[in-house]
Amino acid sequence: MKILAGGATDKGNVRSTNEDAFLVDLELQLFAVADGMGGHSAGEVASHLALETLHQQVRDNADGPPGEVLVAAVNAASAAIVAEAKADETKARMGTTLTALWIAGDTATIAHVGDSRLYRVRWGEVVKLTEDDTAVQELLNVGAVTPEQAADHPWAHILSQVVGREDALDVEQLSLDLEPGDRFLLCSDGFSDSLSDPRWLTTLSGSPPEESAEALVHRAVELDGRDNATAVVVVVGDEKQRSVRRSSWQRLRRLVRDSLTDLDG
Ligand code: CA
């Protein structure tokens, strides 16, 4: 299936550096976002090193089972950061989030650690495919807080897992079938905190992905701008498949709208 993609990042209005980084490799169909942390610009080093290691690992093992390859690549990225931090004490405790999407044939494989996110839009429905590795998500999972309380909870940004620690990672991994017209968004928390209602994603369904990514990041920084903001948009299917899909979608929407109007009347 034809895949189009584009990414954008912005350091925002407050921070002096951009610790976010993204990867778009259309040939390999590998896409990723990393959001680094650590003083003395170490966050930048960590996010870039994670993406370089992931990229190299997937390139070198592209014939292997995608889920295993991607999880091994995330673990290799973590080990590379640990080694680099040990070699330079100004980089001690650096780390990063890492969310990766790898497409092979009609299947998407996902690996994820941290609080960057991956969303999918299919038939106008936006689904968050990754679970945040945060302290507040753990509270949510045990029912200690409601989703409303979680949104601005003080623990919302405390990560329960980081790429670049010696502890073994519990990498979230999933595989899903693709449909022409699917759109994916990978983003950092600076983006998802700002554009917190994921329905904005459906508003850009006709634009080329690099334009969508730039417009979305621009909008996120305009609305908030306190953190670095990054987005990668991935579109599945060639123009013909997507235009068939778009017209069915428009027809369906009209149908639903008309029938709701009938009910109102
Ligand atoms: Ca961030």
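Along the chain, the donors of the calcium ion follow the spacing D-x153-D-x37-D. Donors here are N, O and S atoms within 2.8 Å of the metal (3.2 Å for Na, K and Ca), and water is not among the atoms, so sites may look incomplete. The calcium ion is held by D35 (OD), D189 (OD) and D227 (OD), at 2.3 to 2.5 Å. D35 sits in strand β3 (residues 30-37) and D189 in helix α5 (residues 189-194), so this pair, 154 residues apart, links distant parts of the chain. Helices (H or I, at least four residues) and strands (E, at least two) are DSSP runs, numbered from the N terminus. D35 and D189 are buried, where buried means under 20% relative accessible area, exposed means over 50%, and partly exposed lies in between (1.4 Å probe, protein chains only).

A word on what you are looking at: this is a predicted model, in which local features need pLDDT of at least 70 and side-chain atom pairs count only at pLDDT 80 or more, while totals for chains, interfaces and linings use all residues. Residues are numbered from 1 along each chain as its sequence is written, and side-chain values use heavy atoms, with hydrogens and water left out.

Let us turn to charged pairs. Side chains of opposite charge can pair when their charged atoms come close. A salt bridge is counted when a side-chain nitrogen of Lys or Arg is within 4 Å of a carboxyl oxygen of Asp or Glu, and by this rule there are 9 salt bridges. One of them joins E166 and K86, with the closest N and O atoms 3.5 Å apart. E166 is in the loop between α4 (147-151) and β9 (172-177) and K86 is in helix α2 (residues 66-87), a link between distant parts of the chain, 80 residues apart. Both E166 and K86 are exposed.

What about D132 and R117: are they buried or exposed? Both of these residues are buried. Their side chains meet in a salt bridge at 2.6 Å, N to O. D132 lies in the loop between β8 and α3 (135-141), and R117 in strand β7, 15 residues apart. Together with K128, these two residues are linked in a network of salt bridges.

Strand β7 also holds R122, whose side chain meets that of E179 in a salt bridge (3.8 Å, N to O). Because E179 lies in the loop between β9 and β10 (183-187), the pair R122 and E179 ties together parts that are 57 residues apart in sequence. R122 counts as buried, at 18% relative accessibility, whereas E179, at 28%, counts as partly exposed.

Just past that strand comes W123, in the loop between β7 (117-122) and β8 (125-128). W123 has a positive phi of about 50° although it is not a glycine, and at 36% relative accessibility it is partly exposed. Q29 is another non-glycine residue with a positive phi, near 60°. Q29 is placed in the loop between β2 (20-25) and β3 and is buried, with a relative accessible area of 17%.

Finally, look at the surface. W123 joins L252, L255, V256 and L260 in a nonpolar surface patch of about 450 Å². Patches are made of residues with over 30% relative accessible area and no salt bridge, with like charges joined within 9 Å and nonpolar side chains (Val, Leu, Ile, Met, Phe, Trp, Tyr) within 5 Å. Accessible areas come from the Shrake-Rupley method with a 1.4 Å probe; for residues, only the protein chains shown count as cover. L260 lies in helix α7 and is partly exposed at 47%. R254 is found in helix α7 (residues 239-264) too, partly exposed at 42%, and forms a positive surface patch with R251, R253 and R257.

Technical notes:
Lys, Arg positive; Asp, Glu negative; His and termini not counted. Charge placed at Lys NZ, Arg CZ, Asp CG, Glu CD.
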